[in-house]
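Please open the structure in the viewer and keep the selection tool at hand. The tour below proceeds from one selection to the next.

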Amino acid sequence: MFRKVLFATDFTPYALSALRYVIKLKEAGTEEVVVIHVVENVTLEAMVESCIWSKEDVKKCEQEIEETVVSQVKEKLEGIKKELEEHGLRVKTVVKIGKPAVKIVETAKEEGVSLIVIGSHGKSRMEEVLIGSVAENVVRHASNIPVLIVRR
Ligand SMILES: Nc1ncnc2c1ncn2[C@@H]1O[C@H](COP(=O)(O)OP(=O)(O)OP(=O)(O)O)[C@@H](O)[C@H]1O
Ligand SMILES: [Mg+2]
C-alpha cells in the first residue's frame with residue numbers, strides 16, 4: 001500500500017522521529033523512499049547578500065554559494081540514505097530550492113509516492129502550535145496523497 005514514500009527532512013529532531021517511522025513502514029510494505037530537503041529561498045537570499053561586497057562577478061558569487069549549500073545538504077542526505085539502505089530500503093535523495101511545502105508536494109507528485117512522512121514541527125520548534133506551517137501546508141496541498149505527521 002505504501003510501497004513508495006516521500007520523507008521530507010529539515011534535519012531537526014522532529015524529522016528524525018519521522019525517520020524512525022519511515023523505517024517502521026517497511027513492515028507495512030514500504031520498499032522505496034525518496035528523501036527530500038528544500039533549501040528555503042529566504043535562507044539562500046540572506047546568504048547571497050554578502051555577494052554585493054564580492055570582488056568577483058556577483059552572479060558567480062551567488063552561484064558558488066548556492067552550489068556550496070546544495071552540496072552540504074547532499075552530504076547530509078547521504079547519511080540518511082545510508083541508514084535507510086542498511087534497513088533494506090531503496091533510496092533516492094532530492095534537493096530543491098524554493099518554498100518547502102510547495103516543493104515537497106510537487107516532488108511527491110513527480111515521484112508518484114503513496115505517502116508523505118514529515119515531522120509535526122521543525123526549526124521554529126513552536127510546540128504551542130499544533131503543527132508547523134510547512135506540515136500544515138503539505139497537508140493542505142497534497143490533495144490525493146495521505147500525509148503521516150509524526151510528533152517528537
Ligand atoms: N526545508 C524543508 N525541507 C524538507 N522538509 C521540511 C523543511 N521544513 C520543514 N520540513 C518538514 O516539515 C516538518 C515540520 O516542520 P515545520 O517547518 O512545519 O515546523 P516549524 O519549523 O516548527 O514551523 P514553521 O516553519 O512554521 O516556523 C519537519 O519536521 C520536516 O519533516
Ligand atoms: Mg520550519
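Select Val117 to begin: Val117 stands opposite Leu148 in strand S5. The model is predicted, with local features requiring pLDDT of at least 70 and side-chain atom pairs pLDDT 80 or more, while totals for chains, interfaces and linings use all residues. Residues are numbered from 1 along each chain as its sequence is written, and chains are lettered from A and ligands numbered from 1 in the order in which they are written.

**The sheet**

Next, select strand S4, residues 115-119, together with S5; four bridges join the two, and they run parallel. Strands here are DSSP runs of E with at least two residues, helices are runs of H or I with at least four, and both are numbered from the N terminus. Two strands pair if DSSP finds at least two bridges between them.

Extend the selection to the open sheet of five strands, whose order is S3-S2-S1-S4-S5 and whose pairing is parallel. Strands S3 (90-98) and S5 (147-150) stand at the edges with a single partner strand each, so one side of each is left without a neighbour in the sheet. On average, neighbouring strands of this sheet are turned by 20 degrees against each other, direction ignored.

**Helix H2 and its surroundings**

Select helix H2, residues 41-48, which lies across strands S2 (32-40) and S3 and runs at about 45 degrees to S2. Angles run from 0 to 180 degrees between N-to-C directions, and axes are lines fitted to C-alpha atoms, for helices over the stretch in contact.

Now add helix H3, residues 58-86: H2 and H3 pack at an angle of about 130 degrees, with their axes 10 Å apart. H2 and H3 are therefore oblique to each other; angles under 35 degrees count as roughly parallel, over 145 as roughly antiparallel, 65 to 115 as roughly perpendicular and the rest as oblique. In this contact, Leu44, Met47 and Val48 of H2 meet Glu62, Ile65, Glu66 and Val69 of H3 (contact: C-beta atoms, placed from the backbone, within 7 Å).

**Helices H4 and H5**

Select H4 (residues 100-111) and H5 (residues 133-141), which pack at an angle of about 40 degrees with their axes 8 Å apart. That angle makes H4 oblique to H5. Pro100, Ala101, Ile104 and Val105 in H4 meet Val134, Asn137, Val138 and His141 in H5.

**The ligand**

Finally, select ligand 1. Which residues come nearest to ligand 1? Of the 24 residues around it, they are Gly119, Gly122, Ser124, Gly132 and Ser133 (a residue is near if its C-beta atom, placed from the backbone, lies within 6 Å). Helix H1 (13-24), S2, S4 and H5 each give two or more residues to the shell around ligand 1. The largest share, four residues, comes from S2.

Terms used
Two residues are in contact if their C-beta atoms, placed from the backbone, lie within 7 Å.
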